[in-house]
Amino acid sequence: MLRLRGFGVVLDKATIVDDVDLGVAAGEWVTIIGPNGAGKSTLLRAVLGEYAYAGEAVLGETPLTELNRRERARRMAAVAQYPVVPAGMTVLDYVLLGRTPHIPTLGRESGADLAVVRDVLTRLDLDRFAGRELPTLSGGERQRVFLARALAQQAPLLLLDEPTSALDIGHQQEVLELIDALRREAGLTVLATMHDLSVAGEYADRLVLMDGGRIVADGRPELVLTEDLLAKHYRARVRIIPGDHGPLVVPTRAATPPPPPPPPARS
Ligand SMILES: Nc1ncnc2c1ncn2[C@@H]1O[C@H](COP(=O)(O)OP(=O)(O)OP(=O)(O)O)[C@@H](O)[C@H]1O
C-alpha cells in the first residue's frame with residue numbers, strides 16, 4: 001500500500017528523517033513510536049506532501065509525486081498533531097470538508113455525503129455537537145471532530161499523528177476500537193504515531209521505533225517494546241508485563257536511596 005525507500009527529509013539544513021525504509025501493507029496497522037524530536041511527525045507530514053523528501057515514496061503503484069491534491073485526498077486522510085481550528089465553522093460543516101475530494105468541482109454535497117458525515121458523527125459520539133462551533137469544544141471533543149473529518153474522507157490509508165493524545169481513557173479506547181473496526185470492515189490501512197506505548201502495542205500489527213530520524217527497530221510489539229530498547233532510546237526505566245493484546249509498559253522509578261540517618265542526639 002505505502003512503500004518508502006531511502007526516504008529522507010531535510011529542514012533548515014538539518015536532516016530530520018534519515019534514510020528510512022518502511023512498508024505498510026494494505027489492511028495493516030503500523031504505529032511509529034520514538035522519543036520527542038525523533039522525526040515521527042515530520043515523516044508523516046512529508047508523506048502528506050507538506051515537506052519535500054528525498055528517496056522513493058509509492059502509494060499502491062503510484063509515486064506520491066505523481067498524485068495531485070485531489071487524488072492524494074481520495075487515497076489518504078490524515079489527522080495532524082495540531083490541526084488548525086477554523087473560527088466560525090460548525091462541527092457539521094467542518095466534517096463535511098472531509099467529503100471535498102468526492103464532490104465534483106463547483107458541485108454541492110449530495111445526500112450520500114451528508115449520510116456519511118452523520119454516520120461518522122454518530123460513531124464518534126459527536127451527534128450533539130453537530131451545530132456547535134469548533135472553538136467552543138473541549139480539547140478531546142475537538143480531537144474526535146478532527147478524526148471524524150478524516151474518516152468522512154473514506155480514504156483507504158489513514159495517517160494519524162497522536163490521534164488520542166487529548167482523549168480520556170474511555171474515549172481513547174472507543175476511538176481506537178472504531179478505527180480497528182473500520183480496518184476489519186473496510187480494509188483501512190493505518191499509519192500512526194503514538195506516545196502511549198502500551199496502547200500503541202495493543203492496536204498495531206507492527207511498531208516502528210524511530211530515534212534521531214532513523215528507524216532503529218521494526219517488528220511485532222513484543223520485539224520492539226523491550227526494557228533494553230526503551231532504556232536505550234527513551235532513557236526510560238520501565239517494566240514490561242505481558243498483556244492480552246501485547247506487552248504493557250509500566251514506567252518505574254529508580255530505587256529511592258535510604259533516608260539519611262537522624263542527627264546525633266545532643267546531650
Ligand atoms: N521546520 C523545521 N525546521 C527545523 N527543524 C524542525 C522543523 N520542524 C521540525 N523540526 C525539528 O525536527 C525534529 C523532529 O521533529 P518531529 O516533530 O518530527 O518529531 P516527533 O518525533 O514527532 O516529536 P514529538 O514526539 O515531540 O512530537 C525536532 O528536533 C524538531 O525541532
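User: Which residues surround the ligand?
Analyst: Keep in mind that this is a predicted model. S2 and H1 each give at least two residues to the shell around the ligand. The full set around the ligand is Leu 11, Asp 12, Ala 14, Ile 16, Gly 34, Asn 36, Gly 37, Ala 38, Gly 39, Lys 40, Ser 41 and Thr 42.

User: Which element gives the largest share of the shell around the ligand?
Analyst: Two elements, S2 and H1, each supply at least two residues of that shell. The largest share is 3 residues, and the element they come from is H1.

User: Is H1 mostly covered or mostly open, and how many of its residues are buried?
Analyst: Among the buried residues of H1 are Lys 40 and Thr 42, and both of these also belong to the ligand's surroundings. Leu 43, Leu 44, Arg 45, Ala 46 and Val 47 are buried in H1 too. So what's the tally? H1 is mostly covered, and the buried count is 7 of its 8 residues.

User: What phi does Gly 49 take just after H1?
Analyst: H1 covers residues 40-47, and Gly 49 comes just after this helix. The phi of Gly 49 is positive, at about 95 degrees.

User: In what order do the strands of the 4-strand sheet stand?
Analyst: This sheet is open and its pairing is antiparallel. Strand S2 (14-24) and strand S5 (62-63) each have a single partner strand, so they stand at the edges with one side lacking a neighbour in the sheet. Read across, the order is S2-S1-S4-S5.

User: Which residue in S4 is the bridge partner of Arg 5?
Analyst: Strand S1 (residues 2-11) and strand S4 (residues 54-59) run antiparallel and are joined by 5 bridges. Within S4, the partner of Arg 5 is Glu 56.

User: What angle does the direction of H1 make with that of S2?
Analyst: H1 packs on the antiparallel sheet, where it touches S1, S2 and S4. Its direction, set against that of S2, makes an angle of about 70 degrees.

User: Does Val 17 count as buried or exposed, and why?
Analyst: Val 17 is found in strand S2. Its contacts, leaving aside neighbours within four places in sequence, include Phe 7, Val 9, Thr 42, Leu 43 and Ala 46. Because Val 17 has 29 C-beta neighbours inside 10 Å, it counts as buried.

User: What distance separates the C-alpha atoms of Val 17 and Arg 214?
Analyst: Along the chain, these two are 197 residues apart. Val 17 also has Gly 213 among its contacts. In space, the C-alpha atoms of Val 17 and Arg 214 are separated by 6.3 Å.

User: And Ala 25, is that one buried or exposed?
Analyst: Ala 25 is found in the loop between S2 and strand S3 (29-33). Its C-alpha atom is 5.0 Å from that of Met 1, which is 24 residues away along the chain. With 12 C-beta neighbours inside 10 Å, Ala 25 counts as exposed.

User: Which strands stand at the edges of the 6-strand sheet?
Analyst: This open sheet has mixed pairing and the order S6-S7-S8-S3-S9-S10. An edge strand has a single partner, so one of its sides is left without a neighbour in the sheet. Here the edges are strand S6 (76-79) and strand S10 (214-219).

User: Which residue in S8 stands opposite Leu 160?
Analyst: Strand S7 (residues 157-161) and strand S8 (residues 189-193) run parallel, with 5 bridges between them. H1 packs on this sheet as well, touching S3, S7, S8 and strand S9 (206-211). As for Leu 160, the residue opposite in S8 is Ala 192.

User: How many residues does the largest nonpolar core have?
Analyst: In soluble globular proteins, nonpolar side chains tend to be buried together. Val 95, Val 120, Ala 148, Leu 158 and Leu 159 have the most contacts inside this core. Helix H5 (residues 139-152) gives the core its largest share, 7 residues. Altogether, the core's count is 70 residues.

User: Which residues does Leu 159 touch, beyond those up to four places away in sequence?
Analyst: Leu 159 is one of the residues with the most contacts inside the largest core. Its list includes Val 47, which is one of the buried residues of H1. The whole list is Leu 44, Val 47, Leu 48, Met 76, Ala 78 and Leu 191.

Conventions
Residues numbered from 1 in each chain as written. Predicted model: local features only at pLDDT ≥ 70, side-chain atom pairs only at ≥ 80, totals over all residues. Pairing = 2+ DSSP bridges. Contact = placed C-beta atoms within 7 Å. Axes fitted to C-alpha atoms, helices over the stretch in contact; angles between N-to-C directions. Core = buried A, V, L, I, M, F, W, Y, C linked by C-beta atoms within 7 Å. Buried ≥ 20, exposed ≤ 12 C-beta atoms within 10 Å, placed from the backbone. Near = placed C-beta within 6 Å.
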